[in-house]
Amino acid sequence: MAAVPPNLLAQEYPGKSITVVVPFPAGGPSDVVARIVTEQMSKRLGQSMVIENVGGGGGTIGSARVASAQPDGYTLLAGSMGSHVAAQC
């Protein structure tokens, strides 16, 4: 282990707040479920979770936002079948 450079060692996750995109408007069933789940995730991970509602396009706009986000694990999708079935990727 002494020969491994420090920048290659595993880093603690999460080191900052996590954004959870709900691809539907606030107040709907998907939003309520996401808030319940992320509350528990926040407790277990010891990090804040930020809910971002990105409605429109049957869930495809929010899903596309997550798909184009940096692949670092700090942007998650609280999707449903509806947000994926409508997408033509």
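Ala34 counts as buried, at 6% relative accessibility, and this predicted model places Ala34 in helix H1. Setting aside neighbours within four places in sequence, Ala34 is in contact with Val22, Ile51 and Ala78. Another pairing to look at is Ala34 with Leu77: they are 43 residues apart in sequence, yet their C-alpha atoms are 9.4 Å apart in space.

Let us step back to the chain as a whole. There are three helices and three strands, and from the N terminus on they run β-α-β-α-β-α. Of the 89 residues in the chain, 25% are buried. The chain exposes about 6000 Å², with carbon and sulfur atoms supplying 60% of that area. If you take the contacts between residues at least 6 apart in sequence, 71% of them join residues at least 24 apart.

Back to Ala34, which belongs to the largest nonpolar core, a set of eight residues: Ile18, Val20, Val22, Ala34, Met49, Ile51, Tyr74 and Ala78. Strand S1 (18-22) and strand S2 (49-53) each supply at least two residues of this core. The largest share comes from S1, with three residues.

Strand S1 deserves a closer look. Five of its five residues are buried, so S1 is largely enclosed by the rest of the structure. In a regular strand the side chains alternate between the two faces of the sheet. Here both faces of S1 are covered: Ile18, Val20 and Val22 are buried on one side, and Thr19 and Val21 are buried on the other. How do S1 and S2 run relative to each other, parallel or antiparallel? They run parallel, joined by five bridges. Within this pairing, Val20 has Ile51 as its bridge partner in S2.

Val20 and Ile51 turn up again when we move to another residue of helix H1 (residues 29-45), namely Thr38. Leaving aside neighbours within four places in sequence, Thr38 is in contact with Val20, Met49 and Ile51. Is Thr38 buried or exposed? Its relative accessible area is 7%, so Thr38 is buried.

On the other side of S1 from Val20 sits Thr19. Why does Thr19 count as buried? Its relative accessibility is 18%, and the cut-off for buried is under 20%. Beyond residues up to four places away in sequence, Thr19 touches Val50, Glu52, Arg65, Tyr74, Thr75 and Leu76.

One of those partners, Tyr74, is also a member of the largest nonpolar core. Which residues does Tyr74 contact, once its neighbours within four places in sequence are left aside? They are Glu12, Tyr13, Pro14, Gly15, Lys16, Ser17, Ile18 and Thr19. Pro14 lies in the segment before S1. Look closely at the peptide bond between Tyr13 and Pro14: it is cis, with omega about -5 degrees.

Asp72 brings us to this part of the model from another direction. Asp72 is found in the loop between H2 and S3, and is partly exposed, with a relative accessible area of 29%. Neighbours within four places in sequence aside, Asp72 is in contact with Tyr13 and Lys16, both of which appear in the list for Tyr74 as well. Asp72 and Tyr74 also have a polar contact: a polar atom of the Asp72 side chain lies 3.0 Å from the backbone nitrogen of Tyr74.

The loop between H2 and strand S3 (75-77) also holds Ser68. With 61% relative accessibility, Ser68 counts as exposed. Its side chain reaches the backbone oxygen of Arg65 at 3.2 Å, and Arg65 is one of the residues that Thr19 touches.

That leads us finally to helix H2 itself (residues 60-67), in which Gly62, Ser63 and Val66 are buried. Seen down the axis of H2, these buried residues fall within an arc of 100 degrees, so they line one face of the helix.

How values were computed:
Residues numbered from 1 in each chain as written. Predicted model: local features only at pLDDT ≥ 70, side-chain atom pairs only at ≥ 80, totals over all residues. Heavy atoms only, no water. Helix = DSSP H or I, 4+ residues; strand = E, 2+ residues; numbered from the N terminus. Buried < 20%, exposed > 50% of the residue type's maximum accessible area, 1.4 Å probe, protein only. Contact = heavy atoms within 4.5 Å. Areas by Shrake-Rupley, 256 points an atom, 1.4 Å probe, with all protein chains shown as cover. Core = buried A, V, L, I, M, F, W, Y, C linked by side-chain atoms within 4.5 Å. Arc of directions from axis to C-beta. Polar contact = N/O pair within 3.5 Å; in protein donor to acceptor, adjacent residues only side chain to side chain. Pairing = 2+ DSSP bridges.
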